[in-house]
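Biologist: I have not met this protein before. Could you walk me through the words you use for it, and how each one is justified?

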Amino acid sequence: MCGIVGYVGRNPAAPILIDSLKKLEYRGYDSAGITVLNSSLTTYKNAGMIADLESILPGEIKGNIGIGHTRWATHGQPNTTNAHPHLSGDIAVVHNGIIENYLELKEKLIQAGYDFKSETDTEVIVHLLHWHLYGEVSSESKKCDILTAFRMTLKELEGSYAIAAVCRNEPGLLVVARKDSPLVLGLGNGEIFAASDVTAFLKHTKSVMFVDDMEIALVRNEGAEFFGIDGTPITKHSTTIEWDIEAAEKAGYQHYMLKEIHEQATSVHDTFSGKVSEMEGSVNLDELNLSNEQIQHLTRIEIIACGTSWNAGLLGKYLFEQLAGIHTDVDTGSEFRYGYPVMCGEVLTIAITQSGETADTLAAVRGAKSYGCRAMAITNVVGSTITRETDSVLYTRAGPEIGVAATKTFTAQMITLYLLALRFGRARGGVNVDDAKNLIIALKRIPGQIQMILNKKDLIQECALQFADSNDYFFIGRHLNYPVALEGALKLKEISYIHAEGYAAGELKHGPLALINDGTPIVAIATKGHTYDKMLSNIKEVKARGAVVIAVADEDDTEIEKYADVVLRIPPSHELLSPILSSVVLQLLAYYTALARGCPVDKPRNLAKSVTVE
Ligand code: F6R
């Protein structure tokens, strides 16, 4: 999705803006631009990549303050005219989000004499701001101060926005505001950065201030003043980000995705570390603020998530039902928000979102809260919007994930759901202390077992090469391995562009068998567990129709070789935990397939890392 950046300080703004935009490239974009404020508003923008923008920049652009943008087209083509910044008189604006009432505002502004150059919704913001500041299109004398003009502008906007603006009449001032789109300030020494996320300026500072919904900040190099939309001053405190810049760089790997797959031994460990006691068979999640009694009284869990996070949520459903005996539903944010859910009883809503910014998930959680539910979040991003909209937060400690395809955040989400289900299971008597101890022992083995899989990744690469030219792929699994199958298919389709479908293996004969041909690759997640024999039957079923079966199976399983064409092995683990290991195998399969097909692994077409619009 779009990324915005801003800078005010003592250094030349242009190179800092470009560098910050490059850090946001992973969000996905199709055009880019910057405006530097000097004696005029020096603006460069271009369709295509940031490198294309750089190629049209002169050697030096004077000015220590500016704004920049990467655009992911929603209203209008990805061309130079529609690229941000957009200008009106002496004001330039960049915007992330969607202005829903832009047509109505556009009409009003056209009547007032404003000339629209682009097809974007954003252009209404800059003209509206100009109109509130100057009262008419050709005026240069201010009618009010910039804060008042900004407040009046925001009051008219419906939709979501993170906005940064500079004005030639306000030298040294960067104005930012947000509603439902991420925005954070980085506090340097005599300089301040603004961006959609902290990775944009992490190399300059780790000290940050999050801009909250319906807040405006007037940012100068010596500091930022915050105001509510009604003009009330707001006191803000800074927080320190724990990530360092190395964590956000490629560290010698060909792609971020490969690096992030490799980081899972650590990220999985970091996510459970300090939270489990093997001696006591207990899980400590104090940050939940839920007593044993409150957990016992829960009647239902409602999980809300999108994409990969939804797949983690489906695993969560099985865990909550099996370990804690709590009926659990899993809905996608986009469906839940327009449904008519029955939310009676003690319902706990759990939002799973690595970015903490997914528009549909946020809207669905707001909906759930309006029914009076308690809401908690599982997210990877400290200070993200979801953390401010929910009653409690469990952080996955995966570190920054730059590749668009979620990998280490997915396994960290699964780990967090295990912890939660075990905690609930202990509180509700679904898991006795010995079973809990055994699960915790098995959990602690997972990081080492992930490393074993990574050490043998060449075998997975060989398999990927063998089937890289396929047009269709199917992934099948049962019960806990069903979400693994869904995620395996999602990973493959998004980065290799091969059509891939995940199915509950028992559903094959209800339709998809018709699609199985000679040589169709079917990935069967057939790890040992209570559905293993059923999986063997499904494998025989597809083999009989000509499919080529790639099984994901336990290291010590000799039976599987009789049926599968290729076997990808995982170290034997507790049935409940094997989905984590199988997922790592499938991530590598997708990665090497995409690599073999020459796809842009980290930035798949049409996709964005943080989906901040509906
Ligand atoms: C797939 C992927 C997406 C996200 C989805 C939700 O690899 O990354 O499907 O899982 O857009 O994003 P979050 O978790 O940030 O809410």
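Modeller: Let us go through the domains, the pockets, the ligand and two backbone details; please keep in mind that this is a predicted model.

Biologist: How do you know that the protein has domains, and where do they run?

Modeller: The domain assignment gives domain 1 (3–241), domain 2 (244–454) and domain 3 (456–602). The bounds come from an automatic or database assignment. Taken over C-alpha atoms, the centres of domain 1 and domain 3 are 46 Å apart.

Biologist: What makes residues such as Val 198 and Trp 243 part of the lining of the largest pocket?

Modeller: A lining residue has an atom within 4 Å of a pocket point. The largest pocket holds about 650 Å³ of space. Its lining has 36 residues, and those closest to the centre are Val 198, Trp 243, Asn 380, Val 381 and Val 382. Domain 1 (3–241) and domain 2 (244–454) each give at least three residues to this lining.

Biologist: What kinds of residue line the largest pocket?

Modeller: There are 14 nonpolar, twelve polar and ten charged residues.

Biologist: And which residues lie nearest the centre of the second largest pocket?

Modeller: They are Cys 306, Gly 307, Thr 308, Ala 608 and Val 611, out of 26 lining residues. About 500 Å³ of space lies in this second largest pocket. Helix H9 (307–324), strand E20 (347–353), helix H11 (359–370) and helix H16 (481–496) each supply at least two residues of its lining. Domain 2 (244–454) and domain 3 (456–602) each supply at least three.

Biologist: Why is Gly 307 counted as polar there?

Modeller: Gly is placed in the polar class by definition, so Gly 307 counts as polar. The lining of the second largest pocket divides into twelve nonpolar, ten polar and four charged residues.

Biologist: Now the ligand. Why is the pair between Thr 358 and the ligand called a polar contact?

Modeller: A polar contact needs N or O atoms within 3.5 Å. A polar side-chain atom of Thr 358 is 2.4 Å from an oxygen atom of the ligand, so the pair qualifies. By that cut-off, Glu 494 qualifies too, because a side-chain N or O atom is 2.5 Å from a ligand oxygen. Thr 308 takes part through a polar backbone atom, 3.0 Å from an oxygen of the ligand. The protein buries 92% of the 410 Å² that the ligand exposes when taken alone.

Biologist: How many residues surround the ligand?

Modeller: There are 14, and the closest are Ser 309, Thr 353, Ser 355, Thr 358 and Glu 494.

Biologist: What makes the bond between His 84 and Pro 85 cis?

Modeller: Its omega is about 0°. Pro 85 sits in the loop between strand E4 (65–71) and strand E5 (86–88).

Biologist: And what is notable about the phi of Met 214?

Modeller: Met 214 has a positive phi, about 60°, although it is not a glycine. Met 214 belongs to the loop between strand E11 (207–210) and strand E12 (215–220).

Technical notes:
Residues numbered from 1 in each chain as written. Predicted model: local features only at pLDDT ≥ 70, side-chain atom pairs only at ≥ 80, totals over all residues. Heavy atoms only, no water. 1 Å grid on protein atoms, 1.4 Å probe; cavity = no way out; pocket = protein on both sides within 12 Å on 5 of 7 lines; lining within 4 Å. Points joined across faces, edges and corners; volume = space filled by probe spheres on them. Helix = DSSP H or I, 4+ residues; strand = E, 2+ residues; numbered from the N terminus. Near = heavy atom within 4 Å. Polar contact = N/O pair within 3.5 Å; in protein donor to acceptor, adjacent residues only side chain to side chain. Areas by Shrake-Rupley, 256 points an atom, 1.4 Å probe, with all protein chains shown as cover.
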